[in-house]
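Let's take a walk through this protein together, one region at a time. Have the sequence and the 3D view ready.

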Amino acid sequence: MNLPPKLVVVATDLSKASQAALQAAAFYAENHGSALHLVHVFDPSPFRAPSGLAAPNDLIDQAAEEMRGATESNLAALAKEALPGHVLEVVGLRHVSAGEAISDYATKVSADLVIVGSHGRTGLRRILLGSVAERVVRLSPCAVLVIR
């Protein structure tokens, strides 16, 4: 890991746990001059046709792109409020697995650090819901800071 990290990917699901990740990202930007990429992953599965029905792919792609545009607009507003002047890029990632999408994006941009929030779920709730933070830690090409 480059110290201090030059490029930090901070992931948000817009939850309270993500607010803590944004605060950590602001620390790196303000104190170390790190460039920030703010990302949010959205699942395209709501755009899939129900079993047995065919949906035109162009309509599915159009709906997903509209959602990406809305996501990036919301992220830009969040960045302006929570991380003023620090965010280099805001990106809506279309993927069924948030952990994989975040890790893939970190690889693509050669990130030095990924910051993710954790809800702190344990036991059955974690097994049923999965853990994005855990998946990012396992798959990421760089250091990962998990904020609880």
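We'll begin with the inside, then turn to a pair of helices and a few loop residues.

Before anything else, keep in mind that this is a predicted model. A bit of background helps too: in soluble globular proteins, nonpolar side chains tend to be buried together. Here, the largest nonpolar core is a group of 18 residues, and Val10, Leu38 and Ile115 are the ones with the most contacts inside it. Which elements build it? Two or more residues each come from β1 (7-11), α1 (16-32), β2 (35-42), α2 (57-82) and β4 (113-117). Helix α1 gives the largest share, with seven residues.

Now zoom in on Ile115. Leaving out residues up to four places away in sequence, Ile115 touches Val8, Val9, Val10 and Ala11. The list of its partners also includes Ala21, Ala24, Ala25 and Tyr28, along with Leu145 and Ile147. There's also a second, separate core, this one with 16 residues, and Val41, Ala106, Ala111 and Val116 are among them.

Stay with helix α1 for a moment, since Ser18 is found there. Is Ser18 buried or exposed? Its relative accessible area is just 3%, so Ser18 counts as buried. Setting aside neighbours within four places in sequence, Ser18 is in contact with Ala11, Thr12 and Asp13.

Right in that neighbourhood of the sequence is Leu14, which lies in the loop between β1 and α1. Most residues other than glycine have a negative phi. Leu14 goes the other way: its phi is positive, near 70°, and it isn't a glycine. What does Leu14 touch, not counting residues up to four places away in sequence? The answer is His40 and Leu78. Leu14 and Leu78 are 64 residues apart along the chain, yet their C-alpha atoms are separated by 9.0 Å.

Next, look at two helices that pack against each other. Helix α3 (residues 98-108) and helix α5 (residues 132-139) meet at an angle of about 40°, with their axes 8 Å apart. Because of that angle, α3 is oblique to α5. The crossing of α3 past α5 is right-handed. On the α3 side, the contact is made by Ala98, Gly99, Glu100, Ile102 and Ser103, while α5 brings Val132, Arg135, Val136 and Leu139. Sort the residues of this contact by type and you get five nonpolar, two polar and two charged.

So which residues of α3 are buried? They are Gly99, Ala101, Ile102, Ser103, Tyr105 and Ala106. The cover over these buried residues includes β1, β2, β3 (87-94) and β4 as well as α5.

Finally, follow the chain just past the end of α3 to Ser110, which is found in the loop between α3 and β4. Like the leucine we met earlier, this serine is a residue other than glycine, and Ser110 has a positive phi, of about 55°. Is Ser110 buried or exposed? With a relative accessible area of 55%, Ser110 is exposed. Ser18, back in helix α1, is buried, so you can find a serine of each kind in this model.

Technical notes: Residues are numbered from 1 along each chain as its sequence is written. This is a predicted model: local features need pLDDT of at least 70, side-chain atom pairs count only at pLDDT 80 or more; totals for chains, interfaces and linings use all residues. Side-chain values use heavy atoms; hydrogens and water are left out. A nonpolar core is a set of buried Ala, Val, Leu, Ile, Met, Phe, Trp, Tyr and Cys residues joined through side-chain atoms within 4.5 Å. Buried means under 20% relative accessible area, exposed over 50%, partly exposed in between (1.4 Å probe, protein chains only). Helices (H or I, at least four residues) and strands (E, at least two) are DSSP runs, numbered from the N terminus. Contact means heavy atoms within 4.5 Å. Axes are lines fitted to C-alpha atoms, for helices over the stretch in contact, and angles run from 0 to 180 degrees between N-to-C directions. Angles under 35 degrees count as roughly parallel, over 145 as roughly antiparallel, 65 to 115 as roughly perpendicular and the rest as oblique. A crossing is left-handed if the near helix is turned anticlockwise from the far one by less than a right angle, and right-handed if clockwise. Ala, Val, Leu, Ile, Met, Phe, Trp, Tyr, Cys and Pro count as nonpolar, Asp, Glu, Lys and Arg as charged, and the others, Gly among them, as polar.
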